[in-house]
Amino acid sequence: MNFKKVYGLFVLFAVVLSACSPKIRTPKPETSKPVEKEKPVDKKPVKRFSQASVSLLVPFKLDELNLKTATKADIEKYAMPIDFYQGFRLGLDSAATQGLNFKLNVFDTQDDNAHIAVLYKNERFKQSNLIIGPVFPDGLKFISNYAKENNATIVSPLAASEPAEFNNPNLVSIVNNIGLHGQKIATYIAKNYNPTSTTVVLINPKKTEDEQFAAPIRSYFQANTKFVVQEYASAYTFETKMIKGKAYVVVLTSSDRTFVLPTVEKLFRLKHLPTGGYNINLFGHPNWVKQNYPTDKLQDLNTIISSSYKIDYKSSAVVAFIKKYRYRYGFEPGEYAFKGFDVGYYFGKLLTNYGEEYRDYLVKDKYKGLHNNFSFIHDEKLGYINTSLMLLRFKNFALNLVE
């Protein structure tokens with residue numbers, strides 16, 4: 001990434017994106033099947049914006065970066081906010097082709113709540129129709145009171161935290177919390193396995209993060225008493241209770257590589273004992289998507305993990321985005337550029353189509369994006385929560401979509 005090219009651009013600025021902005025071929029919102037015609041009803045006229053104001057709060061912190069002494073790790077840390085901003089800008093550009101002008105205000109929060117507090121007196125910020133960020137949990141907690149007092153919509157674009165942590169009914173949570181991942185796994189197991197011949201096993205070391213994943217799975221099966229559920233702290237304890245001829249669905253709730261790696265090795269050996277192995281299918285933690293484990297063994301165990309995102313590099317929309325990003329910025333888009341594009345395009349379309357009432361349509365407009373999908377539910381206390389998740393299976397040395 002050419003930081004000399006971008007350094008100093010992101011302290012605080014505003015830009016107007018007009019309806020003549022260049023367009024990227026974009027994924028279409030999901031549509032439902034045709035339904036029988038109903039009697040026409042009186043509809044309120046849409047109160048459209050003449051120009052929608054969007055504020056983006058990102059911790060660039062570029063004043064801390066010394067390009068002469070920065071390590072690769074230092075540069076990667078600063079790449080995230082720049083990548084996200086640039087992808088978001090392209091997403092809003094594409095939404096602008098639908099006919100609405102956008103005023104994009106970009107604020108460097110410096111990952112410091114004091115910088116956020118200063119914005120409360122900034123006229124451009126106060127007039128925002130939509131606020132994207134802050135990106136980290138501390139900032140999201142800090143801005144909650146402002147959001148409630150001013151009925152401001154706050155989009156959390158990257159934090160995977162539980163919405164309950166923020167106490168903000170106006171919060172839009174993009175990233176699925178770990179509890180939703182657990183529910184997705186449990187629902188899939190219940191739908192695809194026979195409870196009379198399958199035992200569900202949780203291997204749960206019970207660290208806080210492990211329990212966050214395990215709890216919704218346990219709760220689901222406690223309500224569904226047809227399945228026998230067992231729970232062990234390790235695969236070694238599990239081995240002492242195994243019965244030949246039984247089918248085991250094993251959910252490994254940890255993402256600690258020092259625990260997961262030997263556990264996967266142990267389960268693989270149990271499946272291939274010289275005297276006859278056990279029937280084991282494995283489900284893993286969503287963080288495995290970014291970790292390195294022996295793919296051949298995960299494939300052999302028919303391993304499935306849940307994920308918030310997957311990029312299909314054969315998709316024409318993805319190819320178009322990469323070309324546009326490469327042309328505009330001179331390098332390849334990273335993961336956060338794709339995230340930024342989907343957020344920018346989705347919310348830009350909402351603002352264009354529904355004007356001042358756009359928040360009412362969050363739960364109605366589903367979206368299939370370049371990187372992930374949006375399907376929101378609304379909770380009076382927790383705000384808007386994205387429930388769209390996918391399941392990926394290790395097969396042919398790649399992660400393939402299951403559902």
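## A sheet, two helices and a few unusual residues

In strand β9, the residue that pairs with T199 through a bridge is Y248. This pair is a good starting point for a tour of the structure, which is a predicted model.

T199 belongs to strand β7, and β7 (residues 198-203) is joined to β9 (residues 247-252) by six bridges, with the two strands running parallel. Strand β7 also pairs with β8: five bridges link them, and again the strands run parallel. Here V200 stands opposite V229 of β8.

Now step back to the whole sheet. Seven strands form an open sheet with mixed pairing, in the order β8-β7-β9-β10-β11-β16-β17. Which strands stand at the edges? They are β8 (228-232) and β17; each has a single partner strand, so one side of each is left without a neighbour in the sheet. From one strand to the next, the twist averages 30 degrees.

Is β7 largely enclosed or open? Six of its six residues are buried, so β7 is largely enclosed by the rest of the structure. It helps to recall that side chains in a regular strand alternate between the two faces of the sheet. In β7, T198, V200 and L202 lie on one side, T199, V201 and I203 lie on the other, and all of them are buried, so both faces of the strand are covered.

### Two helices side by side

Two packed helices are described by the angle between their axes and the distance between the axes. For helix α7 (residues 178-192) and helix α8 (residues 208-223), the angle is about 40 degrees and the axes are 7 Å apart. Angles under 35 degrees would count as roughly parallel and 65 to 115 as roughly perpendicular, so α7 and α8 are oblique to each other. Their crossing is right-handed.

Which residues meet there? From α7 they include I178, I185 and I189, while the α8 side includes F213, I217 and F221. Sorted by class, the contact of α7 with α8 has 10 nonpolar residues, six polar ones and no charged ones.

### Residues worth a closer look

Some individual residues also deserve attention. Two residues other than glycine have a positive phi: D111, near 55 degrees, and F397, near 55 degrees. D111 sits in the loop between β3 (101-108) and α3, whereas F397 is in the loop between β16 (390-395) and β17 (398-401).

How exposed are these residues? The table sets them beside A117, a residue of helix α3 (residues 113-119).

| Residue | Relative accessibility | Class |
|---|---|---|
| A117 | 31% | partly exposed |
| D111 | 44% | partly exposed |
| F397 | 62% | exposed |

The cut-off for exposed is over 50%. F397, at 62%, therefore counts as exposed, while D111, at 44%, counts as partly exposed.

A117 has one more thing to show. How far apart are the C-alpha atoms of A117 and Y146? They are separated by 9.3 Å, although the two residues are 29 residues apart along the chain.

Finally, look for the peptide bond between G133 and P134: it is cis, with omega about 0 degrees. P134 itself lies in the loop between β4 (130-132) and α5 (137-142).

Note on methods:
Residues numbered from 1 in each chain as written. Predicted model: local features only at pLDDT ≥ 70, side-chain atom pairs only at ≥ 80, totals over all residues. Heavy atoms only, no water. Helix = DSSP H or I, 4+ residues; strand = E, 2+ residues; numbered from the N terminus. Buried < 20%, exposed > 50% of the residue type's maximum accessible area, 1.4 Å probe, protein only. Axes fitted to C-alpha atoms, helices over the stretch in contact; angles between N-to-C directions. Parallel < 35°, antiparallel > 145°, perpendicular 65-115°, else oblique. Left-handed = near helix turned anticlockwise from the far one by under 90°. Contact = heavy atoms within 4.5 Å. Nonpolar A, V, L, I, M, F, W, Y, C, P; charged D, E, K, R; others polar. Pairing = 2+ DSSP bridges.
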